[in-house]
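Work through the exercises below with the coordinates open. Try each task before reading its solution.

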Amino acid sequence: QRLYSTVYTMWQYPNLVPTLFTHSEVSPKIVGGADLMLPGVIVPEEGLGEFAVDDRSTISIPENKFPFAVGYMQTDSETIKENGLKGRGVKLLHHYPDVLWALGSKTQPNEGFKRDRIYPFEEESEGVVPGEGTEEEVTSKIEGLDVSGKGSGGEAAKNHGASMDELVDTCFLKALHLKLRDQDLPMDCGAFYSQCMLPCRPRGTEIEIRKTSYKKLSKLIKKMEKRGLISVKQSKKEDRITAVNREHEVYKLFGDELADMESEESEPAPPAAKGKQTEAKQIEVHEVFRAVSNLRPVLGEEAVRNKEMLFSAEEVRGALVLYSRTEKLFGEGGDESVMMLNKVLKSGLYGKKEGVEVGSKVELSDVYKRLMSKMQTYHKVVCDGAEVVKKGKIKNIHVTAEDRHAGRKFITKVSQLESFSIDPADFGNTLQRKYKCSSTVTKLPGKNETGKEVSFQGNLLEEICKYLETDCGIHPKYIEKTSRMKR
């Protein structure tokens, strides 16, 4: 096994490992996780030096010589002399500011180090003084360093001090280690998020993809696929994780830290007071909306900047009133039930043949009704502090009991459990043990259907509906029960 220094060590000893220089303009790709390609390498006056394939290397920019990435060479110096700067340069293993960096003190060597780019910086930072020494000398100096994550930096990465990006990356890697088994593959990316990532949150924290640089789950998945951690394939318009690269350096490095992290995060909960019952689980469903592009100004500046932003119906109405006041669309008498149309509202909500123009007076209620009809509908499922957002209105759970053989053979079917982030296989196994019956899980019929149906032996219509309400916390209005019993 080969050992590689972290960026923290390289900041103390920037000359310990040979460095390839690149442009500041290229650095956003590198800090985003991309390998360094040879066309992006800057050749210094003294040349690139001699190196072989698999030799350790770091990446810097000439105007800020502290390395910001660590990896190994994919092309040797002789090949570069023959063919020029073509092909692959450095295979990236670790970079500022990735998950491994977040397990440390989360410092930077100077002000040129930004999360999205490395900028030129000439003056030396007071906090980092470069050192000198051979590899053996440096190794002896760092043998006593604690990298278990128990120091202040590691602790900050595991609790509220971590940024949302770091928290999401950490939960992703924990989910690969602890929740996603090879026999579970392929797995829908939405199911991976709700069933694997969310349970890996540190106690007392929440993760929200929309508050990260990824903005959407699909972009997080693509980033991890690009880094080589997972393989993804699209099936029936849904992305599915098909494989996990458990030999990836980042995966193995994170695994070395996981035991300590788990022991600290899984402290036993204090015993419940005698006579006190555990609070019942409750699933909440909220209908939320997203604005189309030409109507985002009505919802405010933040909606213009963030097209993924979601609003409740009440928030949409409040934003419309605020917009009308800001644009002075209400009359001077203080009556806010009638408003004038401006260009944005006229073009976005009214057709050419409706007889209204810019400046026409209309009822606020009519504008609000039309605005809501133009909004894209989503639903948000919240359970135990975790939330999952999906497009469209939520599909109710269907529970159907059928008589298969003249009153002698019954079967109960349950479908659309995925709408509430309930895994059909786990649901079937749990109720199979609870009601001492057999169960099967099958795919729902239909080309565009991706959901599954759980079938139980026997007439369990009432029992399953009650279980969904009391144990799963689902409101009865989201459960549709049907009896097809022959009388």
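The model is predicted.

**Exercise 1. A three-stranded sheet**

Find the strand order of the open sheet of three strands, and say which strands lie at its edges.

Solution.
- Step 1. The order is β9-β11-β10, and the pairing is antiparallel.
- Step 2. Look for strands that pair on one side only. These are β9 (187-188) and β10 (230-235), the edge strands.
- Step 3. Check the link from β9 to β11 (residues 238-244). Two bridges join these antiparallel strands.
- Step 4. Name a bridge pair. Asp188 has Arg240 of β11 as its partner.

**Exercise 2. The partners of β4**

Determine which strands β4 (residues 56-61) is joined to, and in which direction each pair runs.

Solution.
- Step 1. Take β1 (residues 19-22). Three bridges connect β1 with β4, and the two run parallel. Phe21 is bridged to Ser60 of β4.
- Step 2. Take β5 (residues 64-73). Five bridges connect β4 with β5, and this pair runs antiparallel. Ser57 is bridged to Gly71 of β5.
- Step 3. Trace the chain from β4 to β5. A hairpin of two residues makes the connection.
- Step 4. Check the accessibility of β4. Five of its six residues are buried, so the strand is mostly covered.

**Exercise 3. Two helices in contact**

Classify the crossing of α7 (residues 164-178) and α8 (residues 189-197), then list the residues in contact.

Solution.
- Step 1. The axes come within 10 Å and cross at roughly 85°.
- Step 2. The class for 65 to 115 degrees is roughly perpendicular. Therefore α7 and α8 are roughly perpendicular to each other.
- Step 3. List the contact. α7 contributes Val168, Cys171, Phe172, Ala175 and Leu176, while α8 contributes Phe192, Cys196 and Met197.
- Step 4. Sort by class. The contact of α7 with α8 has eight nonpolar residues, no polar ones and no charged ones.

**Exercise 4. Cysteines**

How many disulfides does a search of the whole structure find? Then test Cys200 and Cys189 for burial.

Solution.
- Step 1. Recall what is sought. A disulfide is a covalent bond between the sulfur atoms of two cysteines.
- Step 2. Searching the whole structure gives zero disulfides.
- Step 3. Take Cys200. Its nearest cysteine sulfur belongs to Cys171, 6.5 Å away, and Cys200 is in no disulfide. The cut-off is 2.5 Å.
- Step 4. Apply the burial cut-off of under 20% relative accessible area. Cys200 has 4%, so Cys200 is buried.
- Step 5. Do likewise for Cys189. Its relative accessibility is 6%, so Cys189 counts as buried.

Terms used:
Residues numbered from 1 in each chain as written. Predicted model: local features only at pLDDT ≥ 70, side-chain atom pairs only at ≥ 80, totals over all residues. Heavy atoms only, no water. Buried < 20%, exposed > 50% of the residue type's maximum accessible area, 1.4 Å probe, protein only. Pairing = 2+ DSSP bridges. Helix = DSSP H or I, 4+ residues; strand = E, 2+ residues; numbered from the N terminus. Axes fitted to C-alpha atoms, helices over the stretch in contact; angles between N-to-C directions. Parallel < 35°, antiparallel > 145°, perpendicular 65-115°, else oblique. Contact = heavy atoms within 4.5 Å. Nonpolar A, V, L, I, M, F, W, Y, C, P; charged D, E, K, R; others polar.
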